[in-house]
Amino acid sequence: MWLVPLVTRQKSPTFPIPAPSPNTARIGGSMQTDPNNVTFTGTRWDLAIVLLRGYVLMIPTIGLNRFWLTTRKRRFYWGHTDIGGDALEYSGDARQLLVGFLMALALFLPLYGLFFYLSTQSVETIIIGYGAVALGVWFLYGYAQYRARDFRLSRTLWRGIRFDQGGSALRYALRRFFWSLLNLVSLGLAYPFMAAGLWAYRYRHSWYGDRQFGFTGSWKQLALPYYLTWLAIAALLVAGLVLAQQANLVSAPWEADPAIYGWLVLLVLAGFVLVTFYRAIEISRMFSAIRLGGAALSLRLPALGLLGQYLLFVLGLLACYLVLALGGFIVLGLVAGEAFAGGGFDLDALMASMQSSIATLLAIVTGYLLFFAAFAFVSELVLGYGFWRLMARGAAISGLDSLDGVRARAEDKALAGEGLADALNVGGY
Amino acid sequence: MAIPARYYDGLVSGAQDAELRYEQDAGGALVVLGPSGAELARWPAGALHLVPAPRGEIRLGANGVADGARIVVRGDEHIGRIRATLPLLAQRQEQERGRQIRLMALSTLALAAVIAAYIFGVPLIASRLVQLVPPGWEDGVGQTVASQIEASIGGDAGLPLCDADPESLANRAIARFAQAALADTNTPFTPDVRVVRSDIPNAFAVPGGRVYFFSALLDAARTPDEFAGVLAHELGHVVHRHGMEQLVSTAGTGLLVGFILGDMTGISVAAGLGATIIDARFSRAAEREADRFAARVAQRLDFQPWALANLIGRVAQDSDFDRALALFNTHPLTEERLRDLTLLGQDRPSGLEPPFTEAEWRAISSMCRR
């Protein structure tokens, strides 16, 4: 019998990892009864090594290593996610991402020319032109998202069979574009219809081998929680405006009682918590509406778990920056001791000791890189990893057995990377 | 002893528990046996390769079978046995690693070459590139830039001329100097020097032929040489079309930096910082070129070119801060310019005509005083 051996676990001292749920489900057994047939076995420690290595290699490769880092990161997430005892496999490679990026460049060159031409025109033309380009980019963003999802799905294998995505990226982008305009005009009231519509489009055009996904969700599942959240946020906004009005914050921001600012921060936090709760509900209900033949996904994403990750993110970031700041002061103290003479800090003395501007440049670049690498590191390690793990833990698939006869389709080779998404800074795993 | 494995045939999704056996004959083959002992697959050893997998697991694929077909083995002991039996796998893995490293190195080299070509090439080709821009268009651009600057510095009032009468003694003297400075050049632009009222000590040229000279800088000038030097320098920007050059190279820099960072939207701080450093380098090169032009004009008219550095040094002292941030500065440090201009002005012919008569200089230096 072939059991699912657990990947050797290493515990990092910094990030306590709760004990995994013992999953020794037998392969080929009756999976329907196992509520825990989706597991994620990757450790934060392993991910941290992938990330750090990737960031360091970014320097000698002038940033090009990002394609390799993305690939490794995906292999980490995919490869440690087991469904019914079989791990997902990410079969994409860095070369495809690189080529895709170069192709996206070809699209951006004329856009750049347009920008250049616009920047030399009169002010009105500039405003109208930039507005039009911004709309165009907003449209392209949806297109890029859909293409990137296609790329990821068609490079995901489970039990030797590829996923895939059909449909038309153009149609998806058009839908998203006009829905989001409507959403803007209606002050967000159109959102549940837009969200449900886009979820349905994505999943009804997704495939596992020759089997098409289905989607049973609708706006009705989102309407109640969404409009309640909408009302609550509106109430918070009104409360904040009234508070600011009474304290004359707009006309005399510095004379106001500091307690007012405390209340405003509390209001913003309350809004953030509300949005997080709504997000958890939307993700849970929409993912739970995904069907694949006889198999059905059910997901419970705990909002408190998400909030916990956010809190951990803030703490982790603070700790990281504290360490960086201390390190920076120690280095500066060694390099330019006189700037700190007498217990104070003298910027002019510091600048005077930086005689060569190359040294200054190095200092700025190093500081900058460390600052942003720390941010990217902590957000991936806490938020990215945390979200994926919460999803895997909250997910269960019924009727997995029904997927036994799915046949492979030919590989979707038409896709060259997801360059547009990369170029437009479209996030995602 | 057989090795337990998981086998996907890549055609149908039913995964199977299997056992692996290795057969030596005919070049060797990996045989996959089902639970009942039936042969599920036979993969020739020469066709096998490793697919990236997490630690504690290996995934095998093979050429000539379905592309999703895999043999998955978990557990260090079994993995060790497979690797020992099939040393070819490690070789293939090394080859693939080498391929990836070569690709990474090659693309890095290509990118480094593009960056180097850009940084060193743009100052060389920008001036030729700009020659392709029709002067009429550049004039139009210059008017847009000028109206933007007037609105941003002068507010609603714009930048009022100190002396609105073009036929006044001062304005005629300035126009004559500008004509003389541009006499030997084939510039398509007619110079349009505007001495305007502003508290900011500054002078600059916009694309096209227009040069702004602010009253605060004129008031700071102690000799006609200083005024003539700075004016000649700004006319140098006109002749070399530096304003247009700067527009072109800023656009190119944004593109390049966006490419390096993968952020074509160019909104990140890194993009801004990188672009600033590169653009500042081009700008310093342009300043030196304009200084050299001023020195050439001083070969024909009697003024000391280093005086311009004196005037600029008087209104903008270089602080330690500037020295430390020299790479971000759009202008070379004053002491460097003074040194270079002194060298350039060493062998000036004698007996030249002064740029302005004494009466003219009196009129110019008082044109902004009410």
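# Notebook: two chains of a predicted model

I began with B:Val32, which has 22 C-beta neighbours inside 10 Å and therefore counts as buried, the cut-off being 20 or more. I note at the outset that the model I am reading is a predicted one.

**Entry 1: around B:Val32.** I placed B:Val32 in strand β3 of chain B, which covers residues 29-33. I then looked up what surrounds B:Val32 and, leaving aside neighbours within four places in sequence, found contacts with B:Tyr7, B:Ala18, B:Leu20, B:Leu40, B:Ala41 and B:Ile71. For one of these, B:Tyr7, I also looked up the spacing: B:Tyr7 and B:Val32 are 25 residues apart along the chain, and their C-alpha atoms are separated by 7.6 Å.

**Entry 2: the division of chain B.** I next looked up the domains of chain B, and the assignment gives domain 1 as 3-85 and domain 2 as 112-365. The C-alpha centres of these two domains of chain B lie 72 Å apart.

**Entry 3: two residues and their distant partners.** I asked myself whether B:Ala90 is buried or exposed. With 12 C-beta neighbours inside 10 Å, B:Ala90 counts as exposed, because the cut-off for that class is 12 or fewer. B:Ala90 sits in helix α2 of chain B, residues 87-131, and its C-alpha lies 8.3 Å from that of B:Leu50, with the two positions 40 residues apart in sequence.

I then turned to B:Val315, in helix α9 of chain B, residues 307-315. B:Val315 is partly exposed, with 16 other C-beta atoms within 10 Å, and I recorded that it touches B:Pro201, B:Leu217 and B:Ala220 when residues up to four places away in sequence are not counted. From B:Val315 to B:Ile101, which is 214 residues away along the chain, the C-alpha separation is 54 Å.

**Entry 4: the nonpolar cores.** I wanted to know which residues have the most contacts inside the largest nonpolar core. They are B:Phe213, B:Leu231 and B:Leu235, in a core of 55 residues. Following B:Phe213 further, and not counting residues up to four places away in sequence, I found that it touches B:Val193, B:Arg194, B:Val195, B:Ala203, B:Leu218 and B:Leu231. There is also a second, separate core of 31 residues, which includes A:Ile83, A:Tyr203, A:Trp207 and A:Ala392. As background, I note that in soluble globular proteins nonpolar side chains tend to be buried together.

**Entry 5: chain A as a whole.** I looked up the make-up of chain A, which has 12 helices and 10 strands. Of its 429 residues, 31% count as buried. Among contacts in chain A between residues at least 6 apart in sequence, 70% join residues at least 24 apart.

**Entry 6: two helix pairs in chain A.** How do α1(A) and α2(A) lie against each other? Their axes come within 9 Å and cross at roughly 175°, and since an angle over 145 degrees counts as roughly antiparallel, that is how I describe the pair. On the α1(A) side I listed A:Asp46, A:Leu47, A:Val50, A:Gly54 and A:Met58, which meet A:Arg66, A:Trp68, A:Leu69, A:Arg72, A:Lys73 and A:Phe76 in α2(A). By class, the residues of this contact of α1(A) with α2(A) divide into 6 nonpolar, 1 polar and 4 charged.

The other pair I looked up is α7 (residues 219-246) and α8 (residues 258-287) of chain A, which pack at an angle of about 170° with their axes 10 Å apart. That angle makes α7(A) roughly antiparallel to α8(A). Among the residues that meet are A:Leu222, A:Tyr226, A:Ile233 and A:Leu236 in α7(A), and A:Trp263, A:Leu267, A:Leu274 and A:Tyr278 in α8(A). The contact of α7(A) with α8(A) has 17 nonpolar, 4 polar and 2 charged residues.

**Entry 7: positive phi values.** Most residues other than glycine have a negative phi, and I therefore looked for exceptions. A:Ile62 has a phi near 50°, and its place is in the loop between α1 (44-58) and α2 (66-79) of chain A. A:Ile62 is partly exposed, with 17 other C-beta atoms within 10 Å. B:Arg241 also has a positive phi, of about 55°, and it lies in the loop between α6 (224-239) and α7 (242-261) of chain B. With 25 C-beta neighbours inside 10 Å, B:Arg241 counts as buried.

Definitions and conventions:
Residues numbered from 1 in each chain as written. Chains lettered and ligands numbered in written order. Predicted model: local features only at pLDDT ≥ 70, side-chain atom pairs only at ≥ 80, totals over all residues. Axes fitted to C-alpha atoms, helices over the stretch in contact; angles between N-to-C directions. Helix = DSSP H or I, 4+ residues; strand = E, 2+ residues; numbered from the N terminus. Parallel < 35°, antiparallel > 145°, perpendicular 65-115°, else oblique. Contact = placed C-beta atoms within 7 Å. Nonpolar A, V, L, I, M, F, W, Y, C, P; charged D, E, K, R; others polar. Domains from an automatic or database assignment. Core = buried A, V, L, I, M, F, W, Y, C linked by C-beta atoms within 7 Å.
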